[in-house]
Amino acid sequence: MGPLAQICPDFMIGNGQRIKIRDFMNNNRWNVQKLYNTMPGHIALFISSVGIGDVNDRDYAVWKATDNGQYSNKSAWTIIRSLRQKAPLITKIWHNAVPFKISFLSWRLLHNKLPFKDAVAKFGKQGFKDCICCISPQDETPQHAFIEGKVAHHLWNKIGAPLGFKHHNIPFRGLLEEWWNRKAKNKVHKFTMQIAPMMILWEIWKAWSSCRFGEQKKFDLYKMEMQITWNMKAAITVAYPTINAESNWCNRGDMIEKLSPVVKCIPVC
Ligand SMILES: [Zn+2]
């Protein structure tokens with residue numbers, strides 16, 4: 001049974017005969033009367049409007065998914081694959097000015113793939129309960145270590161303040177959206193706001209890992225701050241070589257916001 005038989009089962013199955021398309025043709029034309037007599041009017045009308053072609057040509061298959069009727073693997077793949085919407089937050093993590101290891105950390109954080117107690121518990125292990133970033137230790141979660149803890153607060157404020165951000169405790173995704181969706185004053189400002197959060201997270205991660213699993217005894221805030229600003233300066237210099245980025249981060253934030261395009265006129269004789 002083909003699609004037509006499924007639409008008009010009474011007719012097609014009726015007397016058990018195998019009816020073919022050519023049974024509805026007479027002298028290379030549709031037998032319109034027979035069509036109307038045997039199936040619903042709107043279907044008969046549709047069929048009668050279909051061109052029959054030349055009877056001397058051999059029949060051939062037509063692939064409807066392409067304009068030329070020829071089959072291609074690409075068009076077949078387009079039909080069967082399920083298109084997933086791109087998550088804008090994830091796509092912004094993979095920035096070409098940010099080293100892979102730094103982007104990958106943000107990805108792991110978004111997917112709860114860092115060795116904090118909840119993630120570790122899935123493997124039957126017990127993680128650390130108390131944080132190492134506050135004077136009065138608190139429940140150590142990724143949200144605490146990277147956003148709400150004392151060290152995190154210090155760094156987000158230090159790097160964010162010159163760019164106009166005041167750090168507050170909101171979920172990690174929301175914080176990234178705040179940084180990445182804020183209206184930028186120029187291209188460099190936008191670029192800086194895009195890469196800064198990942199640089200901050202990376203430095204927190206490095207220091208946290210060294211304190212937890214290495215020899216480091218406590219967080220060195222000054223060193224972390226310097227490392228972030230150095231990484232930021234390096235990235236800005238690579239992306240915008242003509243900009244002489246200030247060494248001092250406070251001055252640099254101000255300078256970045258005030259940047260404006262310079263129009264150059266070259267006389268041509
Ligand atoms: Zn803490």
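**Figure 1. Helices and strands across the whole chain.** This predicted model has 14 helices and 2 strands. Of the 269 residues in the protein, 21% are buried. Looking just at contacts with a separation of 6 or more, 52% of them link residues 24 or more positions apart.

**Figure 2. A close-up of helix α10, residues 150–160.** Here we pick out the buried residues of α10: Val151, Ala152, Leu155, Trp156, Ile159 and Gly160. Look down the helix axis and these buried residues sit within an arc of 135 degrees, so they line one face of α10. The general rule behind such spacing is that an α-helix has 3.6 residues a turn, so residues three or four places apart point the same way.

**Figure 3. The largest nonpolar core, with its 35 residues.** Ala152, Leu155, Ala196, Met199, Ile200, Leu201 and Ile204 are the ones with the most contacts inside this core. The elements that put in two or more residues are α7 (100–110), α9 (142–148), α10, α11 (172–181), α12 (187–213) and α13 (221–239). The top contributor is α12, which gives 12 residues.

**Figure 4. Zooming in on Ile200 and its contacts.** Set aside the neighbours within four places in sequence, and Ile200 is in contact with Leu155, Trp156, Ile159 and Ile228. Leu155, Trp156 and Ile159 are among the buried residues of α10, while Ile228 is one of the α13 residues that meet α12.

**Figure 5. Where α12 meets α13.** Two packed helices are described by the angle between their axes and the distance between the axes. For α12 and α13, the axes come within 9 Å and cross at roughly 145 degrees, and the crossing is right-handed. On the α12 side, the residues involved are Val188, Phe191, Thr192, Ile195, Ala196, Met199, Ile200, Glu203 and Ala207. They meet Met224, Gln227, Ile228, Asn231, Met232, Ala235, Ile236 and Ala239 from α13. Sorted by class, this contact has 13 nonpolar, 3 polar and 1 charged residues.

**Figure 6. Asp220, in the loop between α12 and α13.** Is Asp220 buried or exposed? Somewhere in between: Asp220 has 15 C-beta neighbours inside 10 Å, so this residue counts as partly exposed. Buried would take 20 or more, and exposed 12 or fewer. Also in this view is Ala207, 13 residues away from Asp220 along the chain, with 8.0 Å separating their C-alpha atoms. Ala207 itself belongs to the α12 side of the contact with α13.

How values were computed
Residues numbered from 1 in each chain as written. Predicted model: local features only at pLDDT ≥ 70, side-chain atom pairs only at ≥ 80, totals over all residues. Helix = DSSP H or I, 4+ residues; strand = E, 2+ residues; numbered from the N terminus. Arc of directions from axis to C-beta. Core = buried A, V, L, I, M, F, W, Y, C linked by C-beta atoms within 7 Å. Contact = placed C-beta atoms within 7 Å. Axes fitted to C-alpha atoms, helices over the stretch in contact; angles between N-to-C directions. Left-handed = near helix turned anticlockwise from the far one by under 90°. Nonpolar A, V, L, I, M, F, W, Y, C, P; charged D, E, K, R; others polar.
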